[in-house]
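Trainee: Could we go through this one together, helix by helix?
Mentor: Of course; let us bring it up and begin.

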Amino acid sequence: MPMIHNRYVVAFSGKNDPTKFLSFIARSGVKIVSITETGDGVQFKTDKKGIAFIRKNRRRFKMKVSIRRADEGSVEKRLFTSYRFLIACIIPLAASLFLWKIEIETDTPEVADRIEVKLEKASILKYRPLSTIPDEGEIRRVLMSEDPALSWVRFKRSGATLTIIPMLSPKLNELAEKDGAPSDLIARTGGVVTGFQLSRGERVARIHETVKKGDLLATGILEQGDKTAVVGAEGSVYADFWSEYNFKIPKTIDYHLLGEENVIVNWQSPIVWREGKLPLFRSFIQTEHVRNDRIEQFELSEGMEETIILPLIKYKILSEMQSDLIIKDENILHLTFGNDTVEGTILFLMNENIAIKRPISQGD
């Protein structure tokens, strides 16, 4: 049996005997396969050249001819040539290039609100192209800036969804503080008072007031008329103060470099055929995110004071502190580059809780 590519199904019908036309076609060398008789005619398969010959000679034999492609009726043929299917393929592909969802996993609504505000200011919003979203390090820097409640921020990327997981700084054990004798709050260092967060007690110092070490900030003795109650002061008093920081660090620095994230797109059939069961439908694309991080080194040199050394020292101070310290300003006093180390002194303007407890004297 001859092989026929680009098959067509041809059906003859008419008043005349269709076998005469069929015999004429066969004598002319036209390829014919799968001949079957229908109720009022003949049906068979032929190729593109046969179709041209039949159309040229059908009027001579006064035959009605019906022509269609052999695979025109298959489900997959109709599916993959349908413009609706093409649109259905293009829309998910285009949608996968945008950020569709931002999730913040935290049990603290205040932290979630602050993160949402910072994301909005940084234009990290839904429906933004993924190619324009900053890398994780830049987003982390934006979210952690001037937020003492955060110790780190983790990220998870799943398709077009970005999940942000803030990790909170450890809190001081307030129960241990409350177990002691009633106390006043005094300044452990001098500074300019910027704010109060008292759960008990009464303010003595005022905001924008300059205090020195040992000054009374909040009292735990409450007076009303001729009555006096010793309740103790609890809470924090924040102040701005300058502090010198001496450091000595290696001249050669190791650092972790985040690799470029690559998205591997695998194409797959949207139909999963199952024997004896209805087929399953799935996405026609499968994505996989791959990123290779690496460790590199660089050597500190003169000219890197503001760009490398200062941010490195600030990060070290903030990562070591277990409090809500904020660094507002800095001034490099001196810097010395040795053969293997870099030494120097930096003056930092810090904002931190300066309150410490002093027990209230109640006699014997």
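**Two helices and their surroundings**

Mentor: Bearing in mind that this is a predicted model, we can begin with helix α2, whose buried residues pack against β1 (8–13), α1 (18–27), β3 (41–46) and β4 (64–69).

Trainee: Which are the buried residues of α2?

Mentor: In α2, which runs over residues 48–57, they are Gly50, Ile51, Ile54 and Asn57. Looking down the axis of α2, one finds these buried residues within an arc of 145°, so they line one face of the helix.

Trainee: And what is exposed on the other side of α2?

Mentor: Lys48, Lys49, Arg55 and Lys56 are the exposed residues there.

Trainee: Switching to α5, how far apart are its end C-alpha atoms?

Mentor: They lie 19 Å apart, which agrees with the 18 Å that the 13 residues of α5 (residues 109–121) should span at 1.5 Å a residue.

Trainee: Which residues of α5 are buried?

Mentor: Val111, Ala112, Ile115, Lys118 and Leu119 are buried in α5, and because they fall within an arc of 130° when seen down the helix axis, they line one face of α5.

Trainee: What covers them?

Mentor: The cover over the buried residues of α5 includes the strands β5 (101–104), β6 (150–158) and β7 (161–168), together with helix α6 (136–144). On the face of α5 turned away from that buried side, the exposed residues are Pro109, Glu120 and Lys121.

Trainee: One last thing: which residue just after α5 takes a positive phi?

Mentor: That is Ser123, with a phi of about 60°.

Key
Residues numbered from 1 in each chain as written. Predicted model: local features only at pLDDT ≥ 70, side-chain atom pairs only at ≥ 80, totals over all residues. Heavy atoms only, no water. Helix = DSSP H or I, 4+ residues; strand = E, 2+ residues; numbered from the N terminus. Expected span 1.5 Å × (residues − 1). Buried < 20%, exposed > 50% of the residue type's maximum accessible area, 1.4 Å probe, protein only. Arc of directions from axis to C-beta. Contact = heavy atoms within 4.5 Å.
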